[in-house]
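Please look at the model shown below before reading on. The paragraphs that follow go from charged pairs to the overall fold, its core and its surface.

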Amino acid sequence: MSQNSTPAAKHQAFEALKIPSFPIFVATFVLTMMADNVEHVISYWVAFEKFQSPTLGGFAVISHWLPYLLFSVGVGALNDRYDSRRLIQIGGALFALVSLGWGYFFITDSLTIPAAMILLALHGLAGVFWMTSSQVLLYDIVGVDKLASAVRLNSTARYFGVLVGPGVGSLIMSTLGPSKGILLNAALYLPLLIWLIRAPAPHRGKRLEQSAARRVNGLADIWQTIVAVKKSPRWA
C-alpha cells in the first residue's frame, strides 16, 4: 500500500443502532407494520364472511399495492418540499381513521361493498404516505455514512412486522372480537404519531441541499438507483 493511500473506513455490524433515535424509529416502524397486517386479518375476514365476494377479495389486494405503483414517486417528491415526519403522520392518521371506520361499520352492522372498497383504497393510500416517507426519514435520521446499515436493519424490521402481524391479528380477533379488535388496532398507530411530533432528523438539511441540485428523471433515476445499490458495501 502506498503512503498516499487512505485506508477504507471500518464499519461495524449493526452500527445504525448506535444512533439514539434509530432504535425508536425501528420500534415504531415494526409496530405500524404489525398494525397494518392486523387490520388486514380482521377486515378481510369480516368482509369475506359478510359478502363472500371473490371480486372484493381481489380488490383488497389490488387497492393495497396499486397506490404504491401510481403515487410513490409523487410522494417521494413531496418529501423534498415538506417535512417527511408530517407526511408520515398523514399516513399514520389515515391508517388509524380507516381502522376506526371499519370499527364503526362492524359495530353498526352497516358495512357495504362500496364502503369496504373506499376503506381499502384509503388504507392503500395511507401506506404510500407512510412507507415512502419513512424511507426518506431514514436518511434524515442516520445520514449517508450509516445508511446501508440502517436500510438493512429496517428491512428486517419490516418483514418481522409482516410476519407477526397476522398472528397478532388472529389473537386479537379471537379474544376481543372483530369490533373491539379493530378499534384496539387504531391505537397501535399512536406511538408513531406521537414520536414523530419531535423526532430528530439531523441530516434533513443536507438531504434537501442535495435534492435541490437535481430533479426527478423517471426511468433515469431508477437506473441510477440500481447502479448505486450495486456499489453499496455489504454490511449490516
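Which residue forms a salt bridge with Asp83? The partner is Arg85, and the closest N and O atoms of the pair are 2.8 Å apart, where a salt bridge is a side-chain nitrogen of Lys or Arg within 4 Å of a carboxyl oxygen of Asp or Glu. Both Asp83 and Arg85 are buried, a word used here for a relative accessible area under 20%, with exposed meaning over 50% and partly exposed lying in between (1.4 Å probe, protein chains only). The model is a predicted one, in which local features need pLDDT of at least 70 and side-chain atom pairs count only at pLDDT 80 or more, whereas totals for chains, interfaces and linings use all residues. Residues are numbered from 1 along each chain as its sequence is written, and side-chain values use heavy atoms, with hydrogens and water left out.

A search of the whole structure finds two salt bridges. Besides the pair already described, the side chains of Asp109 and Lys50 meet in a salt bridge with an N to O distance of 3.4 Å. Because Asp109 lies in the loop between α3 and α4 while Lys50 belongs to helix α1, this pair ties together parts that are 59 residues apart in sequence. Asp109 counts as exposed, at 59% relative accessibility, and Lys50 is partly exposed, with a relative accessible area of 37%. In general, side chains of opposite charge can pair when their charged atoms come close.

The fold can now be taken as a whole. The protein chain has eight helices and zero strands, both assigned as DSSP runs (helices H or I with at least four residues, strands E with at least two) and numbered from the N terminus. Of the 236 residues in the chain, 43% are buried. Among contacts with a separation of 6 or more, 90% join residues that are 24 or more positions apart, a contact being defined by heavy atoms within 4.5 Å.

What holds the interior is best followed through its nonpolar residues. The largest nonpolar core has 53 residues, of which Phe22, Phe25, Trp102 and Trp130 touch the most other members; such a core is a set of buried Ala, Val, Leu, Ile, Met, Phe, Trp, Tyr and Cys residues joined through side-chain atoms within 4.5 Å. Two or more residues each come from α1 (22-51), α2 (54-78), α3 (84-108), α4 (113-142), α5 (147-187) and α6 (190-195), and the largest share, 13 residues, comes from α4. If neighbours within four places in sequence are set aside, Phe22 is in contact with Ala16, Leu17, Leu138, Ile141, Val142, Ala150 and Leu153.

Polar residues also lie in the interior. His123, in helix α4, is buried, with a relative accessible area of 4%, and its side chain makes a polar contact of 2.6 Å with the side chain of Asp36. A polar contact is a pair of N or O atoms within 3.5 Å; within protein, one must be able to donate a hydrogen and the other to accept it, and residues adjacent in sequence count only if both atoms are side-chain atoms. Not counting residues up to four places away in sequence, His123 touches Asp36, Glu39, His40, His64, Phe95 and Val98. Ser63, in helix α2, is buried as well, at 7% relative accessible area, and, with the same sequence neighbours left out, touches Leu120, Ala121 and Gly124.

Two loops complete this part of the picture. Ser53, in the loop between α1 and α2, is buried, with a relative accessible area of 17%, and a polar atom of its side chain lies 3.1 Å from the backbone nitrogen of Leu56. Ser53 and Ile113 are 60 residues apart in sequence, yet their C-alpha atoms are 9.0 Å apart. In the loop between α4 and α5 sits Asp145, which counts as exposed at 59% relative accessibility; its C-alpha atom is separated by 9.9 Å from that of Glu15, 130 residues away along the chain.

At the surface, the chain exposes about 13000 Å², and carbon and sulfur atoms supply 68% of that area, as computed by the Shrake-Rupley method with a 1.4 Å probe, with only the protein chains shown counting as cover for residues. Ile62, Leu66, Leu69, Leu70 and Phe71 make a nonpolar surface patch of about 520 Å². Patches are made of residues with over 30% relative accessible area and no salt bridge, like charges being joined within 9 Å and nonpolar side chains (Val, Leu, Ile, Met, Phe, Trp, Tyr) within 5 Å. Ile62 lies in helix α2.
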